[in-house]
Amino acid sequence: MLLQVYDTLVKRNAEGEIENSLAESIENPDPQTFKIKLREGVKFSNGDPLTVDDVIFTLKRAAESEKFEPFYGKIDKDSYEKEDDLTFSFKLTEPDAAFLNSLSHPAVSILSKKYVENGADLANEPMGTGPFVLDEWVQNDHANFSVNENYWGDKPQIAGIEMKVIPEASQRIIELESGGVDLAYKVDPNEISNIEDNPDLNLFRKLDNSVHFIGFNMEKAPFDKKEAREAMVNAIDMNSIFETVYMNSGKLATSPINPNFKYSIADDLPENKVDKEKAKELFAKAGVGEGDNLSIYTSDNTQRVNVATMMQAQLKEYGIGLDVQRLEWGAFVDALKRQEHNMFIMSWNPSIVDAHYELFQPFHSSNKGHGPNYMYFGNEELDNLMKEGLATVDETKRAEVYKRAQELINEEYPWLYICYGETLVAANSKVEGLKLLPKYPQELKDVTLLEN
């Protein structure tokens, strides 16, 4: 919903590149200084002009938020200098190589200072500079949008948008086939062949920014031993799981940094191969043998339950039992915090597309016991690499740092990789102009509908 109503200073396009949005230009005269010039003639949907005051207000608001302070807290709040209504600068208290990427985050969707300070209900009556205006929102049912007549860019060619909440994936496709909707998000991989065989439908697909994995509890036997973790990596046939459960949607994972991210070495690494003899040898070294039982915890996501069930069947060959605990999300997370698990299934998709945020939350020592670091993983060398990578603005140096970080993680086996996910969107043949983004919400301003 935010994507239709608001704009950010910069955004990430369908090719994964950062490009200016409300910012006409952003200069970095030094690693800690940002000088931003806004586009001329931009208005909020109520007709008020966008000014530097609105942008500074938005950035300060984000920096003071407990949730987003890690992204924007390095802005020196006393450093803002307003040159004119469209130009300003500020400084960071220390270099942050991920900061430009963070300016594309929805948390800094530019707000009207006056609108907010006058007591606006942003949850129900958002107002931005984006291509559409929210007309009606009924939670868990639908949201209706009309065109923002004050939009600064090329006006949308559609009259508006009606977003419907249809929880069942199969029902979304039925609605698409019957003409009830023009687009269907979150297509189930099982539907891919049916959509591709239907001449009236088109399938849009793109590798998304997620990584799906099985995490090992590294503070609990047997996975406190590296040999046990490495044994699992050699024992499990992830290729057959990927083909069966994910229907080859996405890509087998090899690194904690998704290949959509700069500095990922995923494409240079081989996929895991089953080596049963090595697995047996490593299980024996770790003290895991026939008759032993392990546990894997998962939410009630059907794909993840199916992954766990296939792992259960594969481990029988080694005489090892696997207890599959399927819980609703809240109970699942509570169990992981209590460290009831040997293993768990989860995915990670950072809200800022930068290698630092891809690694920090899952692997930094300070995040033990916080999602998704329910491996309780910590490594001093890796912590230092993350710190160095964030403070380094030199591209070559950052590449070296994150290459070593990925190698170090793979040496420790905190995860058994499953796959990188895929964004799947189906559309009827009337839809043109959709530039698929590697995530769930899509920009719809450039979409057109052909006449029947």
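Is helix α2 mostly covered or mostly exposed? It is mostly covered, with nine of its twelve residues buried (under 20% relative accessible area, 1.4 Å probe, protein chains only). This is a predicted model, where local features need pLDDT of at least 70, side-chain atom pairs count only at pLDDT 80 or more, and totals for chains, interfaces and linings use all residues. Residues are numbered from 1 along each chain as its sequence is written, and side-chain values use heavy atoms, leaving out hydrogens and water.

**Helix α2**
- α2 covers residues 52-63, and its end C-alpha atoms sit 16 Å apart, which agrees with the 16 Å expected at 1.5 Å a residue (1.5 Å times one less than the number of residues).
- Among its buried residues are V52, I56, F57 and L59.
- The cover over them includes β4 (33-38), β6 (87-91) and α5 (113-117).

**The largest nonpolar core**
- This core (buried Ala, Val, Leu, Ile, Met, Phe, Trp, Tyr and Cys residues joined through side-chain atoms within 4.5 Å) has 35 residues, and F344, L359, F363 and L382 have the most contacts inside it.
- Helix α15 gives the largest share, five residues.
- Beyond its neighbours within four places in sequence, L382 is in contact (heavy atoms within 4.5 Å) with F363, F377, A405, L408 and I409.

**The largest cavity**
- Its volume, the space filled by probe spheres set on the grid points, is about 60 Å³.
- M238, N239, L252, A253, E271, N272, Y417 and I418 line this cavity.
- That lining divides into five nonpolar residues, two polar and one charged.
- Both α9 (238-245) and β16 (415-428) supply at least two lining residues.

Terms used. On a 1 Å grid over the protein atoms alone, a cavity is a set of points where a 1.4 Å probe fits but cannot get out, and a pocket is an open set with protein on both sides within 12 Å along at least five of seven lines; lining residues have an atom within 4 Å of a point. Helices (H or I, at least four residues) and strands (E, at least two) are DSSP runs, numbered from the N terminus. Ala, Val, Leu, Ile, Met, Phe, Trp, Tyr, Cys and Pro count as nonpolar, Asp, Glu, Lys and Arg as charged, and the others, Gly among them, as polar. Buried means under 20% relative accessible area, exposed over 50%, partly exposed in between (1.4 Å probe, protein chains only).
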